[in-house]
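User: Could you take a close look at one part of this model for me, the parallel sheet, and walk me strand by strand through how it is put together? I would also like to hear what surrounds it.

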Amino acid sequence: MSGPLVQISLAMVAFNLLLTLAVVGFRFVGSARRTRYQEAVDRVKPMVLAWIDGDDIDLDFEGIERQALSDLLARYGKVIHGEARDELAELAKKRGITAEIEAGLCRRAGWRRAAAAYRLGDIGAEATDVLIDALGDKDRRVRNAATRSLGRSEDPAAVEPLVLALARGEIARAVGGQALLDIGSAAAPQLDALMLSPEPGVRAVAAELLGRMAMGIAPNLATAIDDPVPSVRVAVARALGRLGSRSAATVISDLLNDPVPYVRAAAATAIAELGMREYIWRLIDMAQEDEFLPAAAAAKAVGMLAPEVLVASGFRFEASPHLREAIDLLAVRP
Amino acid sequence: MPSVGELVVLVADDDPDILDLITFRLERSGMRVIQARNGMEALEAARLKRPQVVVLDWMMPELTGIEVIEAMRADPELAHLPVMLLTARVQESDVVKGFEAGADDYLTKPFSPQELHHRVQALAARRP
C-alpha cells in the first residue's frame, strides 16, 4: 500500500475515533445531567407536596434544584385548583419563576415559545397580557398554547381576543371553544356584547358559544335572529336549539321561512331539539316540498319529535324520499 | 364511623403527578393508599387487596374507569365498594353516565386534594 493511502486511512481511523469519543462524551454528559436532575426532583418533590398540603416550607433553591422546582410547580399546578393553586402561582411569581417562563415567549424556536405559553397556564400565572400578545404569534402551536392557558386563567379580559382569533381562524376551534367555556359564566356578558360586532364571523362564533354555555338566552342572541348574514342566523338557530328554551320557539319558527336553505335546515333541527311538536305538520310539508337540505333536515326533525308520525307519513304513496330516508335512519338510531 | 387509620384506599390514575398528590394527602391523614396506573391494575388490586374506598380516573389505558366500575358492580365481592370518579369530563351527560355506571361520587379535574380527602372520608363513612 502506498504512503498517501496509509495516511488517509490513518486519518479516517483517527477521525472515527474522535467522533466516537465525542458521541460517548455527549451521551455521558447528558446521562449525568439527567441523573442529577432526577435526583434534584426526588429531593424537591416531597417538599413541594408538603408545601401544597399547607406546610410552611421555604421553597428557595438555586441551580438544578430551582429548575426542578419550576417543573414540579407547573406539573402540579396543572392538576390542582383552589387556594393551593393560587398560592402556587404566587410562589412562582415571588421566586421569579413566572418571569423566567414569560421570557421563554421570546425564544427563537416555536416549540420553546409554545412550551412557555403552556407552562404559564399550568402554573396559574397572572399573565393575561403576554398570553393575549402570544395569540398573535406566527406559530400556530404558540397561539393554541396561549389559548389554552388563557382559558385556564379564567380571566374575562381574554374573551374578546379569543373570539376574534377564533373568527379569523387563527386558533383551533376546539381549543378556542374550550378555553372560552373554561372562562365560564364570566364570559357570557362579553359574548353577548360581541353579538353586536361589525364582523359577521365574530357574531357567529359568539352565538355558537352562547349556545354552549347553557346560561339562558342572552339579550342580543335572540334579536340576532334577524342578522343580515345567513351564517350568523344559522349559529343563532343552533344556539337557541341547544339552550332548549321554548321561549325562543316563535323566533326559531320564523326562520323556517328564511330565504336561505341552510338557515331553514338549521331552524328545523333546532325545533326538534326544543321538542316543539306543534310544528310537526309544518316540518312534514317542508320535508315534502322544500329544497334538498331543509327537506332532509325537516324529515329528520319529524323523526326526532314523533317517530310514529314520521312512519305514518313516510309510508304514504306520495311521501318524499327524505321522509322515507328518515324512517330508515330511525331504524339505526341508537 | 370507621377509623381513618384503618382505611385502605385504592387510587387509580395514569398521571403520576395526580397519584403523587392524592397519595401524599391521604397518607398524611393516616390512610393506606394502593396505587394503580391503569384500569386493569385497578381491578386486580380491588380483587386482591380489598380496599375500602376506590378513587378512579375515567380515562385510563387497558380499562376505563367506567369499565372498572361496571366490572366491580358485577362482582358480588366488590359490588358494595364506594367508588369516586375523578375526571376531566364535565358535561352533564358524562356525570350522569358515571353515576349510571355505579359511581358513588364524582370529582372533576383540576381538583383540590383537600376536597378529595374530605370526599373520601365521607364515602368511607357511608360504607355498609
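Analyst:
**The sheet of chain B, from the middle outwards**

From β3(B), the residues Val53(B), Val55(B) and Asp57(B) point one way, while Val54(B) and Leu56(B) point the other way, and all of them are buried. Happily for a close look, that gives a clear place to start. Strand β3(B) is largely enclosed by the rest of the structure, because five of its five residues are buried. Please keep in mind that this is a predicted model. The mean pLDDT of chain B is 87, and 93% of the residues in chain B reach 70 or more. For the model as a whole, the scores are ipTM 0.85 and pTM 0.75.

Now for the sheet that β3(B) belongs to. It is an open sheet of five strands in chain B, with the order β2-β1-β3-β4-β5 and parallel pairing. The edges are formed by β2 and β5 (105-108) of chain B, each of which pairs on one side only. Ignoring direction, neighbouring strands of this sheet are turned by 20 degrees against each other on average.

Let's go first from β3(B) towards β4(B). Strand β3 (residues 53-57) and strand β4 (residues 83-87) of chain B run parallel and are joined by four bridges. Two of the residues already named take part in this pairing: Val54(B) has Val83(B) as its bridge partner in β4(B), and Leu56(B) stands opposite Leu85(B) in β4(B). To get from β3(B) to β4(B), the chain passes through helix α3 (residues 65-74) of chain B, and this β-α-β crossover is right-handed.

Strand β4(B) is mostly covered as well, with five of its five residues buried. Its side chains can be sorted by direction: Val83(B), Leu85(B) and Thr87(B) point one way, Met84(B) and Leu86(B) the other way, and all are buried. On the way to the edge, β4(B) is joined to β5(B) by four bridges, and these two strands run parallel. Leu86(B) finds its bridge partner in Leu107(B) of β5(B).

Back to β3(B), and from there towards the opposite edge. Strand β1(B) runs parallel to β3(B), and four bridges join the two. Here Val9(B) has Val53(B) of β3(B) as its bridge partner. Strand β1 (residues 8-12) also pairs with strand β2 (residues 32-36) of chain B, in the parallel sense and over five bridges. One of the residue pairs across these two strands is Ala12(B), which stands opposite Ala36(B) in β2(B). The chain takes helix α1 (residues 16-28) of chain B on its way from β1(B) to β2(B), and this β-α-β crossover is right-handed too.

At the edge strand itself, Arg32(B) is worth a stop; its place is in strand β2 of chain B. How buried or exposed is Arg32(B)? Arg32(B) counts as partly exposed because it has 15 C-beta neighbours inside 10 Å, whereas a buried residue would need 20 or more. Measuring from C-alpha to C-alpha in the model, Arg32(B) and Lys49(B) are 11 Å apart in space and 17 residues apart in sequence.

That leaves the surroundings, beginning with the partner chain. In total, 13 residues of chain B are in contact with nine residues of chain A. Helix α1(B), already met as the connection between β1(B) and β2(B), gives the most to the side of chain B that touches chain A, with seven residues. By class, this side of chain B has six nonpolar, one polar and six charged residues.

Finally, a brief look into chain A for a residue to set beside Arg32(B). Glu154(A) is found in the loop between α7 (140-153) and α8 (159-167) of chain A. With 15 other C-beta atoms within 10 Å, Glu154(A) is partly exposed. Leaving aside residues up to four places away in sequence, Glu154(A) touches Asp182(A), Ile183(A), Gly184(A) and Ala186(A). The C-alpha atoms of Glu154(A) and Met286(A) are separated by 44 Å, and the two residues lie 132 residues apart along the chain.

How values were computed. Residues numbered from 1 in each chain as written. Chains lettered and ligands numbered in written order. Predicted model: local features only at pLDDT ≥ 70, side-chain atom pairs only at ≥ 80, totals over all residues. Pairing = 2+ DSSP bridges. Right-handed = clockwise from strand over helix to strand, strands pointing away. Axes fitted to C-alpha atoms, helices over the stretch in contact; angles between N-to-C directions. Contact = placed C-beta atoms within 7 Å. Nonpolar A, V, L, I, M, F, W, Y, C, P; charged D, E, K, R; others polar. pLDDT = per-residue confidence, 0-100. Buried ≥ 20, exposed ≤ 12 C-beta atoms within 10 Å, placed from the backbone.
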